[in-house]
Amino acid sequence: MVIDVLGNLALGFGEALTPANLLYCLVGSLVGTLVGVLPGLGPLAAIAMLLPLTFSLPPIGAFIMLSGIYYGAQYGGSIAAILVNIPGESSTVVTCLDGHPMALQGRGGAALSISAIGSFVAGSIVTLLIATMATSISSIALGFGPPEYFSLLLLGLIGSVLLASGSVLNAIAMICLGLLLSMVGMDPVSGAGRMTFGIPEFSAGVGLIPLTMGLFGVSEVLYNLSRKRNPDLLSYGGFRNIWPTRQELRSSFAPILRGTGLGALLGILPGGGATLSSFVAYGVEKKLSKEPERFGNGAIEGVASPEAANNAGAQASFIPMLTLGIPANAVMALMIGALSMHGIQTGPQIINEQPKLFWALVASMWIGNLMLLFINLPLVGIWVRLLKFPYHFLFPMILTFSCIGVYGAEMSTFDVFVMLAFGVLGFIIKKLDGEPAPLVLAFIVGPMIEASFRRSMIFSRGDMTIFIERPISAGLLIATAALVIMLVMPKIRSYRREVFVADENE
Amino acid sequence: MTRTPSPGTSVRFRSPRDAALGLVLVVIASLAMIAMRHLRFGSLQQMEAGFLPITTAFLLLVIGVMKIVQGYLVDGEPIEGERIIPLLSTLAGISVFALMIERLGLPISVIALVVVCSIGIEGANIRQALLLAVLLAAGCVGLFIYALRLPFGIFPW
């Protein structure tokens, strides 16, 4: 077992350490940090924008780069949160609470380095976790039939509701909308055109790239431009010394490990990931602390634990994606879409069929985290300057890259107009308190849900009880039901509200 | 969207955001159902192309109606929409790009996009926008055409 893991990791490092792959890893981490630092440009938009660029790369390189963007964005988000109190990323909202007060007290450097160290430790532990667990999870999943898959996907979709801010009903509406959009085009079984409105381009379905770029790139620009004042930055605390004191290191040690554990656990859960992990980790630290009143006034534990947790959660969410082909969140859904554009089908078979790809990715995660540790702290000055970059220069660049990316993917001007339409839809949804993330998640898993449901029904001749007769499927459905009950329970609802109020107060 | 006229009086929605979202959902669901009116539905034993999409659209319609009712009954926040011009210039810029890219090539389309979308934006002026446009166009030609070898035209001819 241990030998296996080591052998696999050796295979992975052998592949990940080629100069080309190291370069993709570096570029991904840097671009990720960049988008994480810049407000209003999340990892989803960045991955969607860079997706067309990766078509010319080999699949392994493309995947390494896209993953680098994802975890790089976590690091970048922390920088913006600590130094200027603006969470570049929703997962770093809680980092602001104690990170920024530390910066104001001149301890910004220490907060940054603790956050980088915490993220690195978390990343390393979770990488090992993936390496040891992946094979066994996949082998369980190899026995899954369509009913199990359907139940698992359902659990994932309901889980994503937990992530969406605001009302549960809105999130469910977004999921339905995403499912509906995924069914546009030719019916895979009969070939009949569905919801094509007589437009030939729609018979192949709505494109993933124009949809995500519209919903996350263009709509974000529209949203920011429509607000009265563009966010003005800078209450920059400054920092003289980036090294934490011995005392700070000592009091961060346990929080980092606790954050890692929580992040790993919550990241694997469907609907989990970085944001949920960091909120829970902060809550736990505050509960455990002997002096909870320090929290909010620059407690190092309040930085260390959520930062470790969001990185652990971000990486642990690769586990269900790589081993089961099920996305834990919208970013992972986009990864599945990206892989399928490279002709790679995710699922339990991927470890055996593409061992190189799989283990190279695992190895590159660790390498990427190491790179981030060393490039981030020295480059902090540059990142901070980027924060002052005026929005009226930034948004034309976002639009340009979105347009070229969408057009370049298929050489189709039709897709540019599709992006425009989804930009407007995303803008309207956001103005009315909807969230585009569950929509995209549902859009990507939609075809899988439809196929597994239809196959189950053919298998059972239309008998719905097949989903509860098979034990694994029944277990997953019970978990889904438990989630639904949790969502409507008053206590959880008020906790959710608390969490998302913090989100809005940015 | 805050009020819907009705004979004599006007109906007030206590939560315009929820009501408007409901309306959007109802419109989308209705459009989808109209588009699928000829699709065969089938049954659980024998599902046809329309089974799942029509069911989903129906569910969306129900949620939309629930949101409208919620907007009528429960207090909520108004819809904020302060500025229209930046939105229009963004949409115009993207459309201009889409219409130009095939005939006029990458650099001219990028310049047009940047200049058009900077119209009416606070803080932006035409000289800076032009400068940004030219720099960005040059950068894009370098990155997309020379480095990544995407098959874009550089010039109109």
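Between chain A and chain B of this predicted model, the salt-bridge count comes to just one. The pair in question is B:Arg17 and A:Asp433, whose closest N and O atoms sit 2.8 Å apart. On the chain A side, A:Asp433 belongs to the loop between H18 and H19. The backbone there is a bit unusual to look at: A:Asp433 has a positive phi of about 70°, although it is not a glycine. So much for charge pairing; for polar contacts, the count between chain A and chain B is three residue pairs, with both partners at pLDDT 80 or more.

Which elements of chain A give two or more residues to the side that touches chain B? They are helix H8 (168–182), strand E2 (193–194), helix H9 (208–226), helix H17 (391–410), helix H18 (413–431) and helix H19 (436–460). H17(A) gives the most, with twelve residues. Sorted by class, this side of chain A has 39 nonpolar residues, along with eleven polar and nine charged ones.

As for the extent of the interface, 59 residues of chain A are in contact with 63 residues of chain B. The area buried between the two chains is about 5500 Å², and carbon and sulfur atoms give 79% of that. In chain A, the residues that lose the most area to chain B are A:Leu169, A:Ile404 and A:Leu432, which together make up 11% of what that side buries.

Moving on to cavities, a search of the whole structure turns up one of 30 Å³ or more. The volume of the largest cavity is about 50 Å³. Its lining is made up of A:Tyr75, A:Ser78, A:Ile79, A:Leu112, A:Ser115, A:Ala116, A:Asn376, A:Leu377 and A:Val380. Three helices of chain A, namely H4 (59–84), H6 (108–141) and H16 (355–387), each supply at least two residues of that lining. By class, the lining has six nonpolar and three polar residues, and no charged ones.

Back to salt bridges, this time over all chains: the structure holds 16 of them. One example within chain A joins A:Glu285 to A:Arg258, with the closest N and O atoms 2.9 Å apart. This pair links distant parts of the chain, the two residues being 27 residues apart. A:Glu285 lies in helix H11 (residues 274–288) of chain A, while A:Arg258 lies in helix H10 (residues 246–268) of chain A.

One further backbone detail concerns A:Phe197. Its phi is near 50°, a positive value in a residue other than glycine. A:Phe197 is found in the loop between E2 and H9 of chain A, and both E2 and H9 are among the elements that give two or more residues to the side of chain A touching chain B.

How values were computed. Residues are numbered from 1 along each chain as its sequence is written. Chains are lettered from A and ligands numbered from 1 in the order in which they are written. This is a predicted model: local features need pLDDT of at least 70, side-chain atom pairs count only at pLDDT 80 or more; totals for chains, interfaces and linings use all residues. Side-chain values use heavy atoms; hydrogens and water are left out. Contact means heavy atoms within 4.5 Å. Buried area is the accessible area (1.4 Å probe) that two parts lose on being put together, summed over both. A salt bridge is a side-chain nitrogen of Lys or Arg within 4 Å of a carboxyl oxygen of Asp or Glu. A polar contact is a pair of N or O atoms within 3.5 Å; within protein, one must be able to donate a hydrogen and the other to accept it, and residues adjacent in sequence count only if both atoms are side-chain atoms. Helices (H or I, at least four residues) and strands (E, at least two) are DSSP runs, numbered from the N terminus. Ala, Val, Leu, Ile, Met, Phe, Trp, Tyr, Cys and Pro count as nonpolar, Asp, Glu, Lys and Arg as charged, and the others, Gly among them, as polar. On a 1 Å grid over the protein atoms alone, a cavity is a set of points where a 1.4 Å probe fits but cannot get out, and a pocket is an open set with protein on both sides within 12 Å along at least five of seven lines; lining residues have an atom within 4 Å of a point. Grid points are joined across faces, edges and corners, and a volume is the space filled by probe spheres set on the points.
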